Amino acid sequence: MTSGVLVLGGGVAGIQAALDLADAGIQVYLVERSPSIGGNMIRLDKTFPTNDCSSCILSPRLVEAGRHPRIKLLTNSDLVSLEGDPGAFTALVRERPRYIDMNACVACGDCTIKCPVKVPSEFDEGLSKRKAVYIPFPQAVPLKYVIDPTVCLKITKDKCGLCEKACQANAVNYDLQPVDHKLDVGAVVVATGYKQIDTSLRPEYGHGRFKNVITGMEMERLLNASGPTGGKVHRPSDGTVPKRVAFIHCALSRDERRGAAHCSRVCCMYLVKEAMVAKEHHNEIEATMIHMDLRAYGKNYDSYLDRAKDGGIAFIRGRAAEVLEDGEGGLVVISEDEDGVPHRTPADMVVLGVALEAPDGAAELSEILGLGLDERGFIATAPEDPSGLRTVNPGVFLAGCIQGPKDVPDSVTMGSAAAAAAATMMVASRVVIEPDEVPVTDPNEEPKVGVFVCHCGSNIAGVVDCPSVAETARNLPGVTHAEENIYTCSQDSQVAIAETIKREGINRVVIAACSPSTHEPLFQETLRDAGLDPALIDMANIRNQCSWAHAEEHEAATEKSKDLVRASVARALLLEPLGGGTEEVPAKALVVGGGIAGMVAAMNLAPHVDVVLIERAEQLGGTVRKLSTTFPSGMNGATQMDMIAGMVEKAGVKVLLGTEILNIDGYVGNFKYTLRLPDGSETEDTTGIIILAIGSQPYEPVEGEFGRGGANVVTNLELEEDLVDPPKGRSYAFIQCVGSRNEERGCSRYCCQATLQQARELAEAGNEVTVLYRDIRAYSALGEAAYRAARQAGVVYVKYEPEHEPEVLEDGKKVRFRETIVGKTIEKSVDQVVLVVGLRPPEGLQELRGQVRVPGDQEGFFLERHPKLGPVETNTEGIYLAGTCQAPMAASEASLGAAAAAMKALGPLGRGWVATETKVSEINPDTCIGCNLCVTLCPYHAIDKDANNKAQSNPALCEGCGLCAASCPTQSISVRHFRDGQLRAQLHALVGGGSE
């Protein structure tokens, strides 16, 4: 039997690792303790900073994992033992009985209707009830019922049995026993997530005593359209909408006495998000944030904070001490601000940003795996690995929050990085993946349209009258079937749609649901399963464009939904099968940039394919090489880079130093690039994929900015030279956020923790150190401990506000700043001022962007495919991002992103092929006049001239943007799937006209 990889935990990190490995041809056993995969993310309402619906973007991943041929799901299961050595483990997994035959269960729900037992729902944080026989949530994968043996009357008392009598499928079986699975695996990925800390550790906050004090996760369920209140923010005590809501940050986080000493990393942002979404649901709500440091360290997070402030959310800096009842049904939060002034914040409801800690069973699991726990209670990582990916067992890797609290994109990145590490141990076990054939659909067959309208719980149905939309669709020309689904993207709905297509002879499909940008691939796969060409679908986005856009106008939103469905049907009638094809991807990879990200990416790819790594400098290592010590390992930067460079050489990577990239052209599987070698000569080559790891550059303050140009003013990177042998008896003033967190730039992410390292080293060497800061964003695993260590070493921290920036005087011999605690302006003599500078996009990024066809974000860095679920991919297939060319980040984060990019690239490289785009331009040579306009306009260089001076399109390069078709003066160009006739029919139907 071919060995596989064992992935423990079915949250977003585990799902990501499983999908990446399976897509690379590696068998995966995905083990989840609960009855369904999805983890904590599926319970969230929206995700910051885009406010995407969490379940909407995650549900397609659940379905994909559930239907993947190389992923075996073992839910309701636990790891019992792991024996053997890395590469040859034997895992024993025990599947607890569901008391439901999964092969027989059709998820009809008859059992739960009859069940008399009601208990608090874990999924809804106890805010609603579930039955003893239940499905965890509507989009659960697998969508099969489970009986809770701890509360079932039949199992505990041999009474009842109503669910068995009600089940017409005969799926209920109280005699089922645990099933042991003995699995041969080469590596293990641990992604078992987190839990919230016990709030009873801080009874003064009132959770559990006062009904209207709730946790952040409880607030998520109130905000969620599928939650217990249908998305309405209601006070648990009386069901009314609270006018005043106070959000308490760091509730049991950063608390050494009673709680978690570490930063929980996500709380600042999710509380701000909850306040913003609550105001969207109920504009009358007044939201107040009671916080310490605001740790908005991610990409676009600072601008998200600005939106919150502009939206009327109040911020009070200080730590909340207590929550009291006011005697009139309200609450009062007692806190003290940074000036020492006590505050009494009245509230109708209080939301606690509760600390995150390791999940139940972490200690037992670590013992089974031969690992240990760190001082925070999370599974310990190998001391030599600052990224947190590796453990002391060389075959066991960590992903997501089991290593410490993380945001979704960091968990996703780490899931891919863990998959990359596991894949290096599974080279011999990968199987060849052959492309699926696209079903053949007769283009001349009479169109029969099936319309499927999604309720999305109350996310759509709470505004749009879905039955009325479906009824209207039934009466449209060409429609032979129309129905409603509660969750159209759920696994059971996908199966049901495929069956309906076959049964009703449907050959065109309209899905009235949410955004095609996130869900169209899922539904296309369902059409394929049903035997239809996947191009024969159109989506009417009635969620974003109707229920969300017109939340207070139910009737108008319903009528608009009907218009969108009518337009989609009109277009669907004219859709044509597009077939499919593949493009060969040779086992060759090009990595551009030889810093830590480029080296790690190259190392992770080298066991699988031929890798070329180019670096324009004369040695590998990038900026990290210049650091005297790196955080958190404390290792010398040059020593660390030399060690990794040696590993790169040992891996067989072809390294070209002193080499510049001059040009990149082509497409996935056939990228062509030109290099300038050290001797000035040029050479050309081809590659299958490209990983961009060109880094970033530090901001250079202009002359006079914070004293720049003064003899005693240096940047934090220039200071590194002094830290090799730190001076003694001097005084230093660090000024944070120079070139960051302004109108143009957000947080540069690495700076606070880098300053902690530098300031502590100077203080421990006998120097006086003052850090002037805006927020201390020590969010990493050891960040809070480093902050405490720096203060214990004597580093003095003084907060400044952006409207009162510090002034540097006398060439850096003096600083003037406003001391917020005493409310006075102070002048302090120092020996040196250190400007802690942010990161900017590197030179040449703008030019490179045009060559690789990857857009930039608002700050000029490369733009990723999706901020949450596609953090290292781009919209140009075959191009991946690693390190700080995508956004500022620390070196350890850059290395994780690099490993993740390598794993993503291994998908097409491992298969040896990619599916070609079918929605491409077609040019009629009979009417083309050779004017050259389309050639000059095409942003993808997909059009050139043939021997007859006629335009011709390369389908491998074409992205189907339609710019050529829209600009052609003779209308000689059309885009398949978006032909003029199809769009005209859609527009005419939208405005109530005919098809022409």
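**Exercise 1.** In this predicted model, work out whether Ala399 counts as buried or exposed.

*Solution.* Start with the number: Ala399 has 1% relative accessibility. The cut-off for buried is under 20% relative accessible area, so Ala399 counts as buried. Now find its place: Ala399 sits in the loop between β22 (396–398) and α10. Next, see what is packed around it. Setting aside residues up to four places away in sequence, Ala399 touches Ala13, Val189, Val190, Ala191, Met414, Gly415 and Ala418. Take Ala13 from that list: it's 386 residues from Ala399 in sequence, yet their C-alpha atoms are 6.0 Å apart.

**Exercise 2.** Check what span helix α10 (residues 408–423) should have.

*Solution.* Count 16 residues at 1.5 Å a residue, and remember that the expected span uses one less than the number of residues. That gives 22 Å, and the end C-alpha atoms are 22 Å apart, so the two agree. As for cover, 16 of the 16 residues of α10 are buried.

**Exercise 3.** Which side chains make polar contacts with the side chain of Arg43?

*Solution.* First locate Arg43: look in the loop between β2 (28–31) and β3 (46–47). At 11% relative accessibility, Arg43 counts as buried. Its side chain makes a polar contact of 2.9 Å with that of Asn40, and another of 2.5 Å with that of Glu125. Beyond four places in sequence, the contacts of Arg43 include Phe123, Met217 and Asn224.

**Exercise 4.** Which residues form a nonpolar surface patch with Leu937?

*Solution.* Leu937 lies in helix α24 (residues 933–937) and, at 32% relative accessibility, counts as partly exposed. Its patch partners are Leu933 and Leu963, and together the three have about 200 Å² of accessible area.

Key: Residues are numbered from 1 along each chain as its sequence is written. This is a predicted model: local features need pLDDT of at least 70, side-chain atom pairs count only at pLDDT 80 or more; totals for chains, interfaces and linings use all residues. Side-chain values use heavy atoms; hydrogens and water are left out. Patches are made of residues with over 30% relative accessible area and no salt bridge: like charges are joined within 9 Å, nonpolar side chains (Val, Leu, Ile, Met, Phe, Trp, Tyr) within 5 Å. Accessible areas come from the Shrake-Rupley method with a 1.4 Å probe; for residues, only the protein chains shown count as cover. A salt bridge is a side-chain nitrogen of Lys or Arg within 4 Å of a carboxyl oxygen of Asp or Glu. Helices (H or I, at least four residues) and strands (E, at least two) are DSSP runs, numbered from the N terminus. Buried means under 20% relative accessible area, exposed over 50%, partly exposed in between (1.4 Å probe, protein chains only). The expected span of a helix is 1.5 Å times one less than its number of residues. Contact means heavy atoms within 4.5 Å. A polar contact is a pair of N or O atoms within 3.5 Å; within protein, one must be able to donate a hydrogen and the other to accept it, and residues adjacent in sequence count only if both atoms are side-chain atoms.
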